[in-house]
Amino acid sequence: MSGESRVSRRSILLGGAAAGTIGVASAASYLGLLGESSDTGLTFVPGGTEKPGAADAPYAPDAAGSQSATASARALATAAQVLPAGPTGSGYLGVYPPGGVLTTSERWFGGPFDIVLTFLNRASYQQMAASAVGSSSAHGGRTYNIGIPLCPSNGSLRATADGAGDIHFTQAAQAIVDGNPTAPYFFIRIGWEFNLTRASQAWSSVGHEQDYIDAFRHVVSLFRAVSGKFQFVWCPNHTYYVSGQLVNPELSYPGDDVVDVVGMDVYMDKQFDLSGSNTELTAFNYKKNARYGMQWQVDFAKAHGKKYAIDEWGANADVPTYIRLFAAWLRDQNYLYSCYWDSNSGKTDQLSGGQYPNGAAQFITEFKRWTPANIGGALVRWYDASTSAKARADATRLTAQGETAMWEDLSGWQKWANNTAPGQAPTFLPLGRNGRAALRFDGTDDRLITPSSGLPAGSSGSTILAVGFLDKDANGDAYAFSFGDTVAGGLRGLNSSFYGPIRGTLYGAGNDHTGALSWRQNSAMALWALDSGGNPGSRLWFNGGAPDYLRLTGPQNTRAMSGYVGMRIGTTQFWRGDVQAIVVLSRVPSQDEVNRLFGWAAYKFGLESLLPAGHPYKSRPPLVSR
């Protein structure tokens with residue numbers, strides 16, 4: 001389409017990130033940082049095209065941008081850390097919540113987000129480091145995407161490259177790791193939206209490309225000297241012009257050795273994207289096809305062998321078609337993650353507040369995860385370690401030692417597992433293995449007791465899914481979960497035998513079902529199903545692989561369902577290690593449900609790498625709609 005629109009910096013047409021302290025950035029503080037002249041020279045052409053000829057005229061760096069990177073190269077060479085493999089799979093979902101309150105977004109969405117988007121303070125090097133304290137632990141069990149200012153608002157890229165903020169960047173890196181020591185990795189977005197020219201964003205690379213490259217590489221070296229857990233994100237903003245010339249972000253690429261993820265910030269603004277005869281379709285096509293749009297991002301990342309992600313996206317209008325198209329693009333291209341700006345801070349894109357009902361409903365349709373609740377009436381127990389925080393928040397549900405005395409049943413049956421005996425309840429770990437929540441059982445007397453209740457009348461069998469870790473020092477049989485009674489065929493449980501193999505046990509019903517995979521010293525997902533039909537049998541799955549089948553010769557009794565988490569009924573066979581989830585069904589699941597249960601557990605507890613090649617959810621988590 002023809003025609004041009006002039007856009008001010010204040011409108012933040014394609015901009016993205018709030019400044020301010022970690023987790024919370026008020027609209028007032030954000031806009032205050034953006035208080036500046038409205039005439040920037042940015043040119044936006046609606047309808048999916050750039051200004052004619054602009055693609056061939058990238059902004060040229062000035063002479064100051066040619067300074068040597070020797071200092072950064074020396075610093076980088078001193079970092080001997082082994083780089084992390086990083087996350088596997090794709091389709092992780094992140095959010096910037098309103099007011100930094102994650103529960104607001106998650107209650108609206110109806111489930112958890114994988115990633116929390118947040119930022120360190122840009123006012124000074126010192127305040128940047130101070131704001132890193134607690135930056136990675138405010139929301140347990142989540143991965144963090146942390147925006148790191150490359151220099152203070154009144155500083156310069158060259159000063160950072162030459163070491164002006166070294167001690168503070170090092171302190172920030174250490175604080176991030178200390179705040180979440182079991183997390184496998186952190187996404188670190190250094191100097192985001194560098195191709196913009198906002199006065200509050202002193203790390204703009206426009207005209208200072210080499211300074212940006214030197215500073216980026218130098219900060220990477222400082223972070224790597226602290227830990228190998230950081231995944232560094234190079235994050236340009238979507239297509240941007242200065243004085244009619246297209247800014248080429250490739251001129252500021254710091255190098256394959258210091259970039260793990262190629263990110264991008266992409267915002268739809270109704271004033272421009274939907275002006276005139278533009279539609280939601282043309283708005284999306286522009287975001288995808290612009291010279292430095294999302295198609296360029298994917299192509300550039302693949303050419304450099306990098307993962308790619310959308311670090312910020314949003315829309316300030318009720319645009320369900322745009323959201324549907326955007327979500328389909330993310331899935332089709334296998335983006336590592338995407339983070340939605342669910343906030344009216346700096347821009348009015350919040351979906352959780354009810355201002356865009358059609359867009360909000362479409363977002364949930366496109367992104368809501370499948371959970372065990374989607375199985376329906378066959379779900380009779382569901383214990384998830386991430387809900388243990390609810391028990392901890394209620395002092396009446398804690399033992400004298402501060403242990404977790406109750407574990408909420410999410411199945412709808414309200415059969416909370418509990419134990420109020422002092423010293424005999426497990427310890428809640430908000431940051432357990434892989435940075436995910438877990439209950440730690442001591443192997444001596446820790447257990448939680450599940451209330452007595454029979455399986456529903458007409459139950460065709462029973463199924464137990466357990467996600468856990470057995471400590472290497474555990475001895476003898478150890479039970480993650482058991483239920484029933486001690487009559488023949490009445491007790492069943494999922495446990496580890498003396499030498500470590502995962503085993504399903506049906507007391508007095510022929511053979512115990514012992515598998516080949518060891519639970520000892522390994523996190524594992526195990527699913528054991530008992531069929532009570534005319535051909536009774538036991539099926540045992542490990543980590544989403546093919547099932548092992550064993551015919552049962554003895555009786556099955558399903559009349560009782562009292563039991564224990566972390567112990568076998570009537571014995572002293574205790575679990576020493578972590579339990580992260582228990583799911584119990586009153587029938588044998590279909591193969592599709594089995595696949596979804598393992599996909600859900602893998603992405604919930606950071607175990608995606610355990611899924612076998614070819615598993616339908618190896619590369620992305622199960623969704624309700626897919």
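**Exercise 1. Determine where Asp471 lies and whether Asp471 is buried, exposed or partly exposed.**

Step 1. Asp471 sits in the loop that connects strand E21 (461–470) to strand E22 (478–484). Helices (H or I, at least four residues) and strands (E, at least two) are DSSP runs, numbered from the N terminus. The model is predicted: local features need pLDDT of at least 70, side-chain atom pairs count only at pLDDT 80 or more, and totals for chains, interfaces and linings use all residues. Residues are numbered from 1 along each chain as its sequence is written, and side-chain values use heavy atoms, with hydrogens and water left out.

Step 2. The relative accessibility of Asp471 is 22%, so Asp471 is partly exposed. The classes are buried (under 20% relative accessible area), exposed (over 50%) and partly exposed (in between), with a 1.4 Å probe and protein chains only.

Step 3. From C-alpha to C-alpha, Asp471 is 9.1 Å from Gly443, and 28 residues separate the two in sequence.

**Exercise 2. Describe the surroundings of Asp446, starting from its place in the chain.**

Step 1. Asp446 belongs to the loop between strand E19 (438–442) and strand E20 (448–450).

Step 2. Asp446 is buried but has no salt bridge. A salt bridge here is a side-chain nitrogen of Lys or Arg within 4 Å of a carboxyl oxygen of Asp or Glu. The nearest side chain of opposite charge is that of Arg447, 7.0 Å away; Lys and Arg count as positive and Asp and Glu as negative, while His and the chain ends are not counted.

Step 3. The Asp446 side chain does reach the backbone nitrogen of Asp442, at 3.1 Å.

Step 4. Leaving aside residues up to four places away in sequence, the residues touched by Asp446 include Glu403, Arg440, Phe441 and Phe574. Contact means heavy atoms within 4.5 Å.

**Exercise 3. Find which residues UniProt lists for "active site" and place them in the structure.**

Step 1. The unreviewed UniProt entry lists Glu193 and Glu312 under "active site". They span 120 residues in sequence, yet no two of their C-alpha atoms are more than 10.4 Å apart, so they gather at one spot. UniProt positions are given in the numbering used here, feature names are shortened, and annotations may be inferred rather than shown by experiment.

Step 2. Glu193 is in the loop between strand E6 (186–190) and helix H7 (209–226). Its relative accessible area is 0%, so Glu193 is buried. Its side chain makes a polar contact with that of Arg198 at 3.0 Å. A polar contact is a pair of N or O atoms within 3.5 Å; within protein, one must be able to donate a hydrogen and the other to accept it, and residues adjacent in sequence count only if both atoms are side-chain atoms.

Step 3. Glu312 is part of strand E13 (residues 310–315). With 0% relative accessibility, Glu312 is buried. Its side chain is joined to that of Arg189 by a polar contact of 2.9 Å.

**Exercise 4. Classify the ring pair of Trp313 and Phe326.**

Step 1. The whole structure holds 40 aromatic pairs. Rings of Phe, Tyr and Trp (its six-membered ring) pair if their centres lie within 6.5 Å; planes under 30 degrees apart count as stacked, over 60 as edge-to-face and the rest as tilted.

Step 2. For comparison, take Tyr92 and Tyr603: their ring centres are 5.4 Å apart and their planes at 45°, so this pair is tilted. Tyr92 is in strand E3 (residues 92–96) and Tyr603 in helix H14 (residues 591–604), 511 residues apart. Both are buried.

Step 3. Trp313 and Phe326 have ring centres 4.1 Å apart and planes at 5°, so the pair is stacked. Trp313 lies in strand E13 and Phe326 in helix H11 (residues 320–332), so the pair ties together parts 13 residues apart in sequence.

Step 4. One aromatic cluster has Trp313 and Phe326 among its members, including also Trp108, Tyr322 and Phe367.

**Exercise 5. Trace the salt bridges of Arg158.**

Step 1. The count for the structure is 15 salt bridges.

Step 2. Arg158 pairs with Asp162, with the closest N and O atoms 3.2 Å apart. Asp162 is exposed at 53% relative accessible area, whereas Arg158 is buried at 14%.

Step 3. Arg158 also forms a salt bridge with Asp214 (2.7 Å, N to O). Arg158 lies in helix H5 (residues 157–161) and Asp214 in helix H7, so the pair ties together parts 56 residues apart in sequence.
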